[in-house]
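Thanks, everyone, for making the time this morning. I would like to walk through one model with you, beginning with its charged pairs and ending with its interior.

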Amino acid sequence: MEATDPRPKAPGLPVRMGQVFFSPGDLFDALRERPVWLDMMIVLIVCAVASQLVIPEERFREIFMQQMPPGTDPADAETIMDFSRRFGAIMSAVFMPISAAAIAGVLILNYNVILGGEARFAQLFSAVTHSFLILTAGGFLVLGLILAGGDQVVLSPALLLPDLGDGYLARIAYRVNIFAVWTSVVLGIAVGRMYPKRSAGAATTFILFLYMIVVGLSALPGG
C-alpha cells in the first residue's frame, strides 16, 4: 500500500498569486499545511532577470548616473555601470532566494528562538517567497514609469508631500517604498497564521520596525 500525504493540496500557482494580493490569510493557512515555494521562486527569478534586461542601454546609463554620489569619477562610474549591467541579471536571480531565506531566518530567530514558537523554516520561507510577489509587482510598475521616460525609481508616500528638502528625515521619507510596506503587512499576516499565539498586528509592527531600520541606514551619508 502506498502512503498518502494527509495534508491538503496547496492551491495552484495562479490561485496563490491572486491570494497574495486579495486573500493573504487564506494563502498562509494553506502554506502552513503545505509550504510550497519552488514555482513561485521561479516566477520571481524570471521577473527579476527580465526587469534587468528590458531597460534600453541609454536609459539604463541615464538612471545609473543619476544615482551615483556627487563627485564620482566618470571613469569609475562607467566601470561600475558596465559591471552592473553585465551581472545585474545574475545578481538579481541569486539575491531573490538569499533575501527570502534571510528574512525567514530573522523571523525564526525572533519567534522560535526568542519567543518559543514552533513554526518551521520551510513554512516561513514559503510565506516570504510568496509575499515577494508584491515587491515584484511594484518593481514592474516602476519599470513601466522608467520606460515611459520618468526618473522616479521608488514609489514613496513622500511623492505626495511638499518639497521636503534634502535632510536626513527627507531622505528616509523618499526611500520608503509603499510596496515594501505592503509586503511587510502581508508578512505580518503570515506570522499571525504560522504562530497562532501571535497577533498579525504586532508582527506587522515588528517587521515594519526592521524595515525602517534598513531605510534609516540607507539614508545615512554613503548608505
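**Salt bridges, helix α8 and the cores**

Let me begin with Asp39, which counts as partly exposed because its relative accessibility is 27%; here buried means under 20% relative accessible area, exposed means over 50%, and partly exposed is in between, with a 1.4 Å probe and protein chains only. Before going further, I should say that this is a predicted model, in which local features need pLDDT of at least 70 and side-chain atom pairs count only at pLDDT 80 or more, whereas totals for chains, interfaces and linings use all residues. Residues are numbered from 1 along each chain as its sequence is written, and side-chain values use heavy atoms, with hydrogens and water left out.

Which residue does Asp39 meet in a salt bridge? The partner is Arg16, at 2.4 Å from N to O, where a salt bridge is a side-chain nitrogen of Lys or Arg within 4 Å of a carboxyl oxygen of Asp or Glu. Asp39 lies in helix α3 and Arg16 in helix α1, residues 13-22, so the pair ties together parts that are 23 residues apart in sequence; helices here are DSSP runs of H or I, at least four residues, numbered from the N terminus. Arg16, at 3% relative accessibility, counts as buried.

In total the structure holds 4 salt bridges, and I would now turn to Asp29. Asp29 is partly exposed, at 24% relative accessibility, and its salt bridge with Arg32 has the closest N and O atoms 3.1 Å apart. These two residues are 3 apart in helix α2, which means that about one helical turn separates them; Arg32, at 26% relative accessibility, is likewise classed as partly exposed.

Asp29 also meets the side chain of Arg193 in a salt bridge, at 2.6 Å from N to O. Because Arg193 lies in helix α8 and Asp29 in helix α2, this pair ties together parts that are 164 residues apart in sequence. Arg193 has a relative accessible area of 31% and is therefore partly exposed. Through shared partners, salt bridges join Asp29, Arg32, Glu33 and Arg193 into one network.

That brings us to α8 itself. With 17 residues at 1.5 Å a residue, α8 should span 24 Å, and its end C-alpha atoms are indeed 24 Å apart, the expected span being 1.5 Å times one less than the number of residues. At the N-terminal end, Asn177 acts as a cap, with a side-chain oxygen 2.8 Å from the backbone nitrogen of Phe179. Among the buried residues of α8 are Phe179, Ala180, Leu187 and Val191.

Val191 leads us into the interior. Not counting residues up to four places away in sequence, Val191 touches Leu107, Tyr111, Ala203 and Ile207, contact meaning heavy atoms within 4.5 Å. Val191 is also one of the residues with the most contacts inside the largest nonpolar core, which has 34 residues; such a core is a set of buried Ala, Val, Leu, Ile, Met, Phe, Trp, Tyr and Cys residues joined through side-chain atoms within 4.5 Å. The elements giving two or more residues to this core include α2, α5 and α8, and α6 gives the most, with 9 residues. A second, separate core of 6 residues includes Val176, Ala180, Tyr211 and Ala219.

I will close with Phe95, in helix α5, which is exposed because its relative accessible area is 55%.

Notes: A polar contact is a pair of N or O atoms within 3.5 Å; within protein, one must be able to donate a hydrogen and the other to accept it, and residues adjacent in sequence count only if both atoms are side-chain atoms.
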